[in-house]
Amino acid sequence: MSTASHRDSMSNGGQVPDGPEIFLQDVTLRDGMHALRHRITPKNIAAVAAALDAAGVDAVEVAHGDGLHGGSLTYGPGSHTDWEWIEAAAGALRYARLTTLLLPGIGTIDDLRRAYDLGVGSVRVATHYTEADISAQHIAFARELGMDVSGFLMMSHMNTPARLAAQAKLMESYGAH
């Protein structure tokens with residue numbers, strides 16, 4: 001059963017609502033790491049991922065709070081590795097897509113390959129709002145793997161709409177969906 005059909009069967013008596021399709025990606029198991037100093041056990045990752053999956057969330061993002069390979073003295077060491085967290089989530093998800101975050105310069109192509117091998121099917125490649133050009137290699141490689149790829153321009157509120165759109169167009173030109 002696809003995620004959409006799973007979610008659709010849970011509401012409105014199985015009827016699909018009118019209007020645009022909504023894709024819900026939860027980032028609690030990545031962004032929420034910051035609040036807990038990157039100290040979530042794989043057992044708790046699995047429990048939260050299973051609950052999100054059962055609730056009909058389309059995608060669940062898992063990694064250190066600062067993305068793949070973010071666990072360091074600079075960004076804060078994690079209690080476990082990205083790989084332990086990703087494996088725990090992968091084992092708990094039945095419908096939702098497993099996703100992750102990668103910041104070029106922190107996470108590497110090898111990290112992206114390993115995440116893919118562990119079951120990650122989608123990645124958000126994040127850069128500063130003026131530095132989309134550093135995402136080209138990572139976006140292209142993720143697309144070669146067959147991953148769904150999103151560009152994420154951090155601190156976007158600091159840019160003008162026109163300049164932000166230009167940066168987003170760069171990410172799109174590299175292959176971001």
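**Parallel strands, a one-sided helix and three loop residues**

In this predicted model, strand β4 and strand β5 (residues 148–154) pair in the parallel sense, and seven bridges join them. Within this pairing, T127 of β4 stands opposite L153 in β5. The path from β4 to β5 passes through helix α6 (residues 136–145), and the three elements make a right-handed β-α-β unit.

Strand β4 is also paired with strand β3 (residues 97–102), to which four bridges join it, and these two strands again run parallel. One of the positions that can be located in this pairing is L101, whose bridge partner in β4 is R124. Between β3 and β4 the chain crosses through helix α5 (residues 109–117), and this β-α-β crossover is right-handed. Strand β4 thus takes part in a pairing with β3 and in a pairing with β5. Six of the seven residues of β4 are buried, so the strand is largely enclosed by the rest of the structure.

The surroundings of a single residue of this strand illustrate the point in more detail. T127, which is found in β4 (residues 122–128), has a relative accessibility of 1% and counts as buried, because the limit for a buried residue is under 20% relative accessible area. When residues up to four places away in sequence are not counted, T127 touches P104, A132, I134, S135, F152, L153, M154 and M171. Among these contacts is L153, the residue that T127 stands opposite in β5.

Helix α3 (residues 42–54) offers a simple check of helical geometry. At 1.5 Å a residue, its 13 residues should span 18 Å, and the C-alpha atoms at its ends are 18 Å apart, which agrees with that expectation. The buried residues of α3 are I45, A49, L52 and D53. Seen down the axis of the helix, these buried residues fall within an arc of 100°, so they line one face of α3. This arrangement may be read alongside a general property of such helices: an α-helix has 3.6 residues a turn, so residues three or four places apart point the same way. On the other side of α3, K43 and A54 are exposed. Just after the helix, G56 takes a positive phi of about 90°.

The loop that lies between α2 (28–31) and α3 contains H34, and H38 has its place in that loop as well. H34 has a relative accessible area of 35% and is therefore partly exposed, whereas H38, at 5% relative accessibility, counts as buried. With residues up to four places away in sequence not counted, H34 touches G65 and D66. H34 and M147 are 113 residues apart in sequence, and their C-alpha atoms are 26 Å apart in space.

A positive phi is also found at residues other than glycine. H38, although it is not a glycine, has a positive phi of about 60°, and M155, which is not a glycine either, has a positive phi of about 65°. M155 lies in the loop between β5 and α7 (161–174), while H38 belongs to the loop between α2 and α3. At 45% relative accessibility, M155 counts as partly exposed, whereas H38 is buried at 5%.

Methods: Residues numbered from 1 in each chain as written. Predicted model: local features only at pLDDT ≥ 70, side-chain atom pairs only at ≥ 80, totals over all residues. Heavy atoms only, no water. Buried < 20%, exposed > 50% of the residue type's maximum accessible area, 1.4 Å probe, protein only. Contact = heavy atoms within 4.5 Å. Expected span 1.5 Å × (residues − 1). Arc of directions from axis to C-beta. Pairing = 2+ DSSP bridges. Right-handed = clockwise from strand over helix to strand, strands pointing away.
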